[in-house]
Structures are given as C-alpha cells and as structure tokens.
Amino acid sequence: MSQSDQAAFLADYPLKAHNTFGFDVRAKLACVIEHEAQLLAAVRDPRVAGLPLLVLGGGSNVVLTRDFAGLVLLVTLRGRRVVREDESAWYVEAAAGEPWHDFVAWTLTQGLAGLENLALIPGTVGAAPIQNIGAYGLEMGERFASLRAVELATGAVVEFDADACRFGYRDSFFKREGRDRFVITSVTFRLPKHWQPRAGYADLARELAASGHEEGSPPAAQAIFDAVVAVRRAKLPDPLQLGNAGSFFKNPVVEAAQFEALKLKEPEVVSYAQPDGRVKLAAGWLIDRCGWKGRAIGAAAVHERQALVLVNRGGASGADVLALAQAIQRDVLARFGVELEAEPVCL
C-alpha cells in the first residue's frame, strides 16, 4: 500500500460544511476517501474497531441531530468516462464523489442524452442509487446499469446490477438491508441511443415555451436540462444560501379506495395515477393545505415557495428540523389520513 492510500484520521472533525442543512455538529473521527484503497484501509484500521460508521458525499440527504460518536467517511472519489457502447446505448461510469449535477451536465457535453430531467439535484453520484433520485418524470433507476461497492465487514468489492439494487420510489437495497454494510465507489449508467424527450410536466412545458421552444416539436436534451435548472432555481432554495436537503417528504402512494374516499372530501387533491392501480399524492399540496407553507418553529421553517422543503434559517439544529417535520406529519395525518415519510436519513 502506498503512503497516499493509507487512512489519515481527523479527530473532532466539524461537519457543518459536509451537510447541506449546515448543522454545526462534529464527528469523533473523519477520513477523506480519495481512492478506493483508502476506504479499505480506513475500515480495517484497529483504531476504529467497534465505532459506528457514517458515509457522507454531498450531505444532501441527511439530518444530523447530534455529534457523531464514530468514524465519518468523506467520499471524494472522482472520475467519469464512457466505458463502452452497444447497439442501443452508451455506458458511462462516474466515481461516487462526483457532484451529481456536474456529471449530468458533462454527459450532455459528450452528446449523451438521458439524465437531463435530473439536473440540479443536490448530492453526489454515489448517493443517487441509494435514494433512487427522481424528478420531472424520470427516476435514476431507469438509466442505471450497475455499480461497484465495498462491503465494509469483509473489504470485498461487489458489483450490483439493477435487480440487486431493488430500486423503488426513493428507495433501494442500500437504504434498507444494505445500509451501513456497503460503500458505493462508482456507478455506471446506460444512456439510450434512441432517446425520447420527457417534457410532459406542466412546469417544464411552461418554461420551454417561455424560452422560445416551438410547441409541437420535440425539445432537445439541452433545452430540457436548461428548463429543469430554471424551474428548480425558481422553486427551490440554494443550500449555500439557505440550508436545506431538497424535498423533505416523499409523495405518498395510497390505494385506489383510499384515494376515492379522500377525493370525496378534498375534490382538488393533486394526484397521479400509478401503473399498479394505486395513486400518488402530492405531498407539497397536502402540507400547503394544512397551512404550513412559510411557517416556522424557531429557526426551522417550511420554505415559502415550496412546502416540500424544510429550511434552516440560521442556527437551527437537526432536532429543530425533526420537530417541525413531526408537527407537519401529525397535521397531514389528522386532516387527510395520510402518513408522510421523510426522504432524508435522520441520525
């Protein structure tokens, strides 16, 4: 092992810059991972035996409620390349520490369409499969080919295909059974050669029209990318300016009978039919109807333009944000009989 691949531990390490809420918490130990060998060295080091582990990339999907009494692995692995192609697709690999939005933009500069609907989602490439990120009619799992991960207990490098990842709505194997067992080091995506635009969402259609796109003609991938960026910037706060983790709640999916009963009481409920007969509800609409948009509990608040986004107005703790989230969940359940599930991992 070279000296550069050895694990260097940083004691009492501040994590404020490593979580997008900007919570001022610290880790007992931290280790910056720039190479896969450093990861193996870190988890096998006797100095961290028995300590809990936390993996942070961009820190955009975590609520840190207290100091972390273990080892935080700060994954900064970089690299992106086209690895191969076949008759129907190009296969593009990116290291886990690559910023997601930058990677999406890079694929378009290479002439490779397919990820443009997922522009400006915060976080890193390595976090994308864990959450199965999605937006504007596309989920990452639809463009996924495989990933490479290190099993912490054994140090074994394991390849996962889509079936092994068990992708669901904002869900995967790595968020459940695989949590704390594996660290993702790279992801390979399958980008279709016979690409078709997805621009059916009303917000995207309006933005495309406003930018001069001719109605009735298919938009280019770059045009969709630009529209997504514009819409997200108009609706969502920049974490560098106002601490947040993007959408805080999943859109709940309910059975058809429950939806029909709800619609009788709330005829204007925003909903999306699902292929399996169930119905997805717009969590932001439910929260807004309960009067939470723009409201705050201390320095933790619901964003005034997007009820799905909880923000740190300055000085809020993770516990403050959780208290706000729980109050919202109680009100939505009481009014609509629907349980909201948080997207971020709460620690």
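I will talk through the cores of this structure, one of its pockets, a strand residue and the cysteines, and I should say at the outset that the model is a predicted one.

Let me begin with the inside of the protein. In general, nonpolar side chains in soluble globular proteins tend to be buried together. In this model the largest nonpolar core has 42 residues, and the ones with the most contacts inside it are W100, F103 and L147. Several elements give two or more residues to this core, namely the strands β7 (89–95), β10 (144–151) and β12 (182–192), together with the helices α2, α5 (202–210) and α6. Of these, α6 gives the most, with 7 residues. There is also a second, separate core of 35 residues, and among its members are A245, L286, W292 and V302.

If you look at L147 in the viewer, and leave aside its neighbours within four places in sequence, you will find it in contact with P129, V158, E159, F160, C165, F174, I184, S186 and V187.

Next to V158 in the sequence is V157, which lies in strand β11, residues 157–161. Is V157 buried, exposed or partly exposed? With a relative accessibility of 37%, V157 counts as partly exposed, because that value falls between the 20% and 50% limits. Not counting residues up to four places away in sequence, V157 touches E36, R148, A149 and V150. For a sense of distance, the C-alpha atoms of V157 and R278 are separated by 38 Å, and these two residues are 121 apart along the chain.

Now to the second largest pocket, which holds about 1,000 Å³ of space. It is lined by 48 residues, and those closest to its centre are T20, P122, D238, P239 and L240. The elements that give two or more residues to this lining are β5 (68–75), α2 (100–109), α6 (221–235), β13 (243–247) and β19 (309–312), so that α2 and α6 appear both here and in the list for the largest core. By character, the lining residues divide into 19 nonpolar, 21 polar and 8 charged.

Finally, the cysteines, for those of you who think about redox conditions at the bench. The count of disulfides in this model comes to 0. C31 counts as buried, because its relative accessibility is 1%, under the 20% limit. C346, by contrast, is partly exposed, with a relative accessible area of 35%. C346 is in no disulfide, and the nearest cysteine sulfur, which belongs to C290, is 20 Å away.

How values were computed
Residues are numbered from 1 along each chain as its sequence is written. This is a predicted model: local features need pLDDT of at least 70, side-chain atom pairs count only at pLDDT 80 or more; totals for chains, interfaces and linings use all residues. Side-chain values use heavy atoms; hydrogens and water are left out. On a 1 Å grid over the protein atoms alone, a cavity is a set of points where a 1.4 Å probe fits but cannot get out, and a pocket is an open set with protein on both sides within 12 Å along at least five of seven lines; lining residues have an atom within 4 Å of a point. Grid points are joined across faces, edges and corners, and a volume is the space filled by probe spheres set on the points. Helices (H or I, at least four residues) and strands (E, at least two) are DSSP runs, numbered from the N terminus. Ala, Val, Leu, Ile, Met, Phe, Trp, Tyr, Cys and Pro count as nonpolar, Asp, Glu, Lys and Arg as charged, and the others, Gly among them, as polar. A nonpolar core is a set of buried Ala, Val, Leu, Ile, Met, Phe, Trp, Tyr and Cys residues joined through side-chain atoms within 4.5 Å. Buried means under 20% relative accessible area, exposed over 50%, partly exposed in between (1.4 Å probe, protein chains only). Contact means heavy atoms within 4.5 Å. A disulfide is a pair of cysteine sulfur atoms within 2.5 Å.
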